[in-house]
Amino acid sequence: QLIPLFVIIGSGGVGAGLYLMRLAMFNPDVSWDKKNNPEPWNKLSPSDQYKFVSINMDYSRLKKDRPDF
C-alpha cells in the first residue's frame with residue numbers, strides 16, 4: 001500500500017529536479033561561461049520567450065523599447 005506513495009513522491013522529486021535543471025541551463029539570468037558571454041541577459045531580443053508558461057502573450061510581435069549596451 002506504500003507503493004503509490006513512493007511513486008508519487010519519486011515523480012515529484014524527478015519533476016522538481018528536471019525543472020531545476022531547466023532553470024540552470026536555459027534561464028538568461030544564469031551565466032555558466034564567464035569567459036565568452038559574461039552577460040547573456042544583454043543579448044536577449046524582445047521576441048525571446050524565456051518564461052516557462054506564457055498565457056495570451058505573443059512575444060514575436062513585441063517591439064524593442066530599450067537601449068543597446
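A contact here means heavy atoms within 4.5 Å. Among contacts in this protein between residues at least 6 apart in sequence, 16% join residues at least 24 apart. The model is a predicted one.

Start with the whole chain. The protein has one helix and zero strands. Of its 69 residues, buried ones make up 7%. Colour the surface by element: the protein exposes about 6,400 Å², and carbon and sulfur atoms supply 62% of that area.

Next, select residues 6-25. An unreviewed UniProt entry annotates this stretch as "transmembrane region". In the model, the chain over residues 6-25 is 100% helix and 0% strand. A distance drawn between the C-alpha atoms at the two ends of this stretch reads 28 Å.

Now extend the selection to residues 3-26, which make up helix 1. Phe26 is part of this helix. Is Phe26 buried or exposed? Its relative accessible area is 65%, and because exposed means over 50%, Phe26 counts as exposed.

Keep Phe26 selected and add Val14, Leu18, Met21, Met25, Val30 and Trp32. Together with Phe26, these residues form a nonpolar patch on the surface. The accessible area of the patch is about 820 Å².

Finally, move to Glu39, in the segment after helix 1. Glu39 has 41% relative accessibility; partly exposed covers values between 20% and 50%, so Glu39 falls in that class. Select Asp29 as well and draw a line from C-alpha to C-alpha: the two residues are 8.4 Å apart in space. In sequence, Glu39 and Asp29 are separated by 10 residues.

Methods. Residues numbered from 1 in each chain as written. Predicted model: local features only at pLDDT ≥ 70, side-chain atom pairs only at ≥ 80, totals over all residues. Heavy atoms only, no water. UniProt positions renumbered as here; feature names shortened; annotations may be inferred. Helix = DSSP H or I, 4+ residues; strand = E, 2+ residues; numbered from the N terminus. Patch = residues over 30% accessible without salt bridge, like charges linked within 9 Å, V, L, I, M, F, W, Y side chains within 5 Å. Areas by Shrake-Rupley, 256 points an atom, 1.4 Å probe, with all protein chains shown as cover. Salt bridge = Lys/Arg side-chain N within 4 Å of Asp/Glu carboxyl O. Buried < 20%, exposed > 50% of the residue type's maximum accessible area, 1.4 Å probe, protein only.
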